[in-house]
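Here is a colleague's note to read beside the sequence and the model. Please take the points in order, and keep the structure in view as you go.

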Amino acid sequence: MTNRKAAKSTTSLALGPTLFHWDAERWRDFYFRIADEADIETVYLGEVVCAKRRPFILPHIAAVHERLKKAGKDVVLSTLALIMTAEEMDEIKQTTVDADLTFEANDISTASLLAGRRHVIGPFVNAYNGGTINYLAKRGAYRISLPAELSLDTLEALGQTKAVKDVSLEVQVFGRLPLAISARCYHARAHDLHKDGCQFVCGNDPDGLTIETLDDEPFLAINGTQTLSDTYCSLLAELPALKAAGIDSFRLWPHSCDMVQVAALFRSALDDAMAVEEAEARLDEIIGDVPLANGYLHGQEGRLWVEAAAE
Amino acid sequence: MATTGAKAKPETILGDLELICPAGTPAALRAAVDAGAEAVYLGFRDETNARNFPGLNFSPEELADGLEYAHARYCMVFVAINTFPRAGAPEAWHRAIDCAADLGVDAVILADIGILDYAARQHPDLRLHLSVQASASNAEAIRFYHEAFGVRRVVLPRVLTVEDIAELNSQIPVETEVFAFGGMCPMAEGRCLLSSYVTGKSPNITGVCSPASHVRYEERGSEMVSRLGDFTINIFQQSDAAGYPTLCKGRFVADGRASYLFEAPTSLNVLPLLPELMAAGVSALKIEGRQRGRAYTAQVVAAFRAAIDACRRGEPIPEMPQLADVTEGQRETSGAYRRAWR
């Protein structure tokens, strides 16, 4: 890269694709507001979890894309994580032919289609080490959004082993963490329905449906075919360490809380414009009574919350 | 580069359905070979394979002995090196590949792109199979692994129906291997972080899922509670046999109702589907269970050997009541192979 101004912050705040099945108008209005009000560099857009949901957002995606672009956002179109049929694959092939658009591959098939073009590797592709990251970068990935279960030690090692110096590394810093994907729809199962006749019951839960143990403890959350953490990941206190490790993009997962405020908070923390304690207190006010976790980054169980002072 | 391998069985028919069997130990390897496996698969005794359990797996010396035993009896040996290397420390994985290649194994089963790249460059004659952990569920993904690294066979994730598999086989230039019997992941393999979320140990990094080190059973009045990490996975009446608390096989509460939401404690069994899988163009059937003992291995392999041979002769598949003894929770499913499972 030439002429890159080192003085200006090189960190990028990114809004991941909406993982949940929001009503189409709500989805559109959410992104309109992000375009108009949120201090975010990159916005990922598109259905990642279930192919059946995609037709709902399709009528709005061009308008949302244009509004975000006009607002100066870097717009990346996200694609399905689990591709199981030729029809699903064909749809991705047709979408990705447009060379003017930038895509995030969430399956190696899509990464293969995008080879030779600038693209993002999403967190649903297993990029755990330098060998894989360098291979993907050489095929055109300019950013790799890393799996949630990596520790800070691993991220530091990745920063040191990347051979393609320009490749940007992204970490998930806010929201319920995607933990698993299946051919089976758990939302449908929870409602005694089959995936083929699901009635889109996943749309009832804008942040996913919390699953409890038989001892009434919150455990996980389901979102159609996807399983997420019940806790919300928050790496506010870890941002300086992440930056030092060479991470330069920070992904927020959209939730029904005020994401403009969440983004502003992470922006302040990234710019060292707010103390961690204050930022964490403000986050509690925005998201309400939600359990937080940061265990993965500290090399522990992903569900745990490790106080920064304990490090 | 060693070029030794299993001798070709005189009666082997090209494109025939191979029976691929687990070998957690040298004793299980001999049991599988003796019971009629066409190939056994195994791993080294470290974090390079996805069944990194205490007391399991092979040293290089044991692999050399196992190869000699298997090859003398027309049986192939595949080595699974199918976890994702830690950043900055791929040496153990590279060594495992070098060792497997030098000993003359018939194939290595890999998942990580960096490791596939290494194997393809360093050992161009080594036969590469794609592990289920790579989660290649469509033709485009499989073509990528074939064209980039010369992968010759793909172990399909347990997310596809028999119809999906038939369509897939018509579109790809490589062989497919499918799970036939044993443990059943309801999640797409290689894309599941549930275990590390609860225990800090994951299939992708550590090679374990719901590890025994984090399992506890607690008596609570007349009930037995099975726990993984800090969570209750199931509660059993005392009289019941409390099953192992594999995370996704527990009972959980959604909207106030308890159920086996993800999957019941059950075993995959494709015996009734054998003719359909053959017609779908599948090349190999894989028996899960490197963590199971030699008795399990011998019993399951013998049953599938008899069933496949009957199928080849165009005869009906014989009843296999003995398999009920080794199924998890004494229950069976055809899993994702039937669309109704979804």
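**Notes on the predicted model**

1. A first residue to find is Arg67(A), which touches Phe32(A) and Ala35(A) when residues up to four places away in sequence are left out. The model is a predicted one, and every point below should be read with that in mind. Arg67(A) belongs to helix 2 of chain A, which covers residues 54-70. Is Arg67(A) buried or exposed? Neither word fits, because Arg67(A) has 18 other C-beta atoms within 10 Å and counts as partly exposed, while a buried residue would need 20 or more and an exposed one 12 or fewer. Arg67(A) also illustrates how the fold brings separate parts of the sequence together, since Arg67(A) and Ile34(A) are 33 residues apart in sequence and yet 9.4 Å apart in space, C-alpha to C-alpha.

2. Consider next chain A as a whole, which contains 10 helices and 12 strands. Its radius of gyration is 19 Å, close to the 19 Å that the globule rule gives for 311 residues, so chain A is as compact as a globular protein of that length. Taken along the principal axes, the C-alpha atoms of chain A fill a box of roughly 55 × 50 × 40 Å, and buried residues make up 51% of the 311 residues. Of the contacts in chain A between residues at least 6 apart in sequence, 68% join residues at least 24 apart.

3. The two chains meet in a contact that takes 53 residues from chain A and 54 residues from chain B. On the side of chain A that touches chain B, the largest share, 5 residues, comes from helix 6 of chain A, residues 152-161. Sorted by class, this side of chain A has 25 nonpolar, 18 polar and 10 charged residues.

4. How do helix 5 of chain A and helix 4 of chain B pack, and at what angle? Helix 5 of chain A (residues 130-138) and helix 4 of chain B lie with their axes 6 Å apart, at an angle of about 85 degrees, which means that the two helices are roughly perpendicular. Gly130(A), Gly131(A), Thr132(A) and Tyr135(A) make the contact from helix 5 of chain A, and Ile113(B), Gly114(B), Ile115(B), Asp117(B) and Tyr118(B) make it from helix 4 of chain B. The residues of this contact divide into 4 nonpolar, 4 polar and 1 charged.

5. Helix 5 of chain B (residues 139-149) has Glu140(B), Ala141(B), Ile142(B), Phe144(B), Tyr145(B) and Phe149(B) as buried residues. Their cover includes elements of both chains, namely helix 3 and helix 4 of chain A together with helix 4, strand 5 and strand 6 of chain B. After helix 5 of chain B comes Gly150(B), whose phi is positive, near 75 degrees.

6. Within chain B, helix 1 (residues 26-34) and helix 2 (residues 60-72) pack with their axes 10 Å apart and at an angle of about 10 degrees, so helix 1 of chain B is roughly parallel to helix 2 of chain B. From helix 1 of chain B, Pro26(B), Leu29(B), Arg30(B) and Val33(B) meet residues of helix 2 of chain B that include Tyr69(B) and Ala70(B). Among the buried residues of helix 1 of chain B are Leu29(B), Arg30(B) and Val33(B), and the cover of its buried residues includes strand 1, strand 2, helix 2 and helix 9 of chain B.

7. Chain B also has an open sheet of 3 strands in the order 8-9-10, with antiparallel pairing. Strand 8 (215-220) and strand 10 (231-237) of chain B are the edge strands, each pairing on one side only. Strand 9 of chain B pairs over 6 bridges with strand 8 of chain B and over 6 bridges with strand 10 of chain B. Arg220(B) has Glu223(B) in strand 9 of chain B as its bridge partner, whereas Leu228(B) stands opposite Phe231(B) in strand 10 of chain B. Although strand 10 of chain B is an edge strand, 5 of its 7 residues are buried, so strand 10 of chain B is largely enclosed by the rest of the structure.

Definitions and conventions:
Residues numbered from 1 in each chain as written. Chains lettered and ligands numbered in written order. Predicted model: local features only at pLDDT ≥ 70, side-chain atom pairs only at ≥ 80, totals over all residues. Contact = placed C-beta atoms within 7 Å. Helix = DSSP H or I, 4+ residues; strand = E, 2+ residues; numbered from the N terminus. Nonpolar A, V, L, I, M, F, W, Y, C, P; charged D, E, K, R; others polar. Pairing = 2+ DSSP bridges. Rg over C-alpha atoms; globule rule 2.2 N^0.38 Å. Axes fitted to C-alpha atoms, helices over the stretch in contact; angles between N-to-C directions. Parallel < 35°, antiparallel > 145°, perpendicular 65-115°, else oblique.
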